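Here is a structure to look over. The questions after it ask on what grounds certain terms are applied.

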Amino acid sequence: MSTLVILGAQWGDEGKGKITDYLANKADFVVRYQGGDNAGHTVEIGENQYKLHLIPSGIFAGDKICVLGNGLVINPKSLLEEIKYLNDRGINTENLRISDRAHIIFPYHILLDQLEEEKKGKNKIGTTVKGIGPCYRDKVERTGIRMCDVFHKEFFEERLRENINNKNEIIEKLYGKEGLDADAIIKEYSGYLEEIKKYIADTTDLLNKSLKENKKILFEGAQGTLLDLDFGTYPYLTSSHPISGGVSIGAGISPFGLKSALGVVKAYTTRVGRGPFPTELHDEIGDAIREKGHEFGTTTGRPRRCGWLDAVMLKYSAQINGFSSFAVTRIDTLAGFDKVKICVGYELDGEKIEAFPASLETLAKCNPIYEELDGWSDEEMTNVEKYEDLPQTAKNYLKRIEELSGVKVSIASVGPKRSETLIIEEIF
Ligand code: IMP
């Protein structure tokens, strides 16, 4: 396969970074196609743990070209901090390429994200406050500033000043706050962008030419399917398209050039931010999963909400993304329970439904219908080096996921390290 999309099948934080890092060795390119520094990917290599927000996890594989596609919104200040973070740890970032069509996040996006969340009060989305939504809004409104604009100083400064003046009217009149200093922002951001200029390229042309040369391309999704702007739990979601369809728009690849998609599934469910969550556990089991799995946001440090695996959601996710297989992560975290549960349907007003509803009012009324399976112990999870070593009960759990979702499991992950990745079937 010359292309593989790796993306989250749930609400994000499924362990995509680790799986991408593992498969990146076989790729020539690793490409992000949406989102920004709202993402948080943790990768463990040997004794070292790295936390990334923007740069594709393929950066650790050394010789891979790592692309930030046109579908991203990029905060140049965060990007430079991440480049420095990696360089200080001996990781080379010279192979980074940034699409000339990607949009730029400025301080007014971040301030508006914060002010809008505050104004929404109890209805707030619970964003990462990185300015993601306001930057995508400017893109749709056609007032955004893109990476290619950096090469046209006069136009760049004029547009940025106009945007700051317009946003200041909102900040001052609607929110009663002090406006931003246009001169200071223009100076500061021109400086950052001067530093990242060398990475900006026509990545669409680069990727399409490389596909013709049969190069291998991995597309790395951020967030997850249920946070997709169209198919997620609206409005409690992000402003981009993490689904496989997002690759075409966010990287400039024809949908007919995409070969397969790997859905990354956590063995249980988590979500950060607000919104209904049918299988959420408000008890000691939920707390135990959170503690054992260190389920706290990489980007915001917020405790993640935890619950049982939801097969209704997985089936929906598989439908939209056309997954060729699943990578199931965190099987080790789910160890230690006598019984584990999978939600196989929702009970709504006395009826069983198996389709994921569009309306959150409806979703909030759905009660999970569970199937109970035997669990596996922590002891049984030590020294698991290949699929055959997995306890039979864990294998049964994976089998049931396959039956319920209609998607086979090709990778099982039993820990954060590269060596704790069990390949059931070669996929890339
Ligand atoms: P935003 O992407 O910052 O606008 O946040 C919108 C919603 O997406 C919030 O519920 C966030 O918690 C959630 N979100 C954004 N990025 C991630 C991620 O990488 N993992 C999980 N949730 C995320």
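The following turns deal with a predicted model, its salt bridges and its ligand.

Q: Why is the pair K167 and D138 called a salt bridge?
A: The closest N and O atoms of K167 and D138 are 2.8 Å apart. A salt bridge requires a side-chain nitrogen of Lys or Arg within 4 Å of a carboxyl oxygen of Asp or Glu, so the pair K167 and D138 qualifies.

Q: What makes this pair a link between distant parts of the chain?
A: K167 belongs to helix α5 (residues 153–174) and D138 to helix α4 (residues 132–141), and the two are 29 residues apart. Both K167 and D138 are buried.

Q: Why is K197 called partly exposed?
A: The relative accessibility of K197 is 24%. Buried means under 20% and exposed over 50%, so K197 falls in between. The side chain of K197 forms a salt bridge with that of E194, at 3.3 Å from N to O.

Q: Why are E403 and R400 separated by about one helical turn?
A: E403 and R400 are three residues apart in helix α12 (residues 392–405), which gives that separation. Their side chains meet in a salt bridge of 2.7 Å, N to O.

Q: What makes the approach of R302 to the ligand a polar contact?
A: An oxygen atom of the ligand is 3.0 Å from an N or O atom in the side chain of R302. The cut-off is 3.5 Å, so the pair counts as a polar contact. Taken alone, the ligand exposes 470 Å², of which the protein buries 97%.

Notes
Residues numbered from 1 in each chain as written. Predicted model: local features only at pLDDT ≥ 70, side-chain atom pairs only at ≥ 80, totals over all residues. Heavy atoms only, no water. Polar contact = N/O pair within 3.5 Å; in protein donor to acceptor, adjacent residues only side chain to side chain. Areas by Shrake-Rupley, 256 points an atom, 1.4 Å probe, with all protein chains shown as cover. Helix = DSSP H or I, 4+ residues; strand = E, 2+ residues; numbered from the N terminus. Buried < 20%, exposed > 50% of the residue type's maximum accessible area, 1.4 Å probe, protein only.
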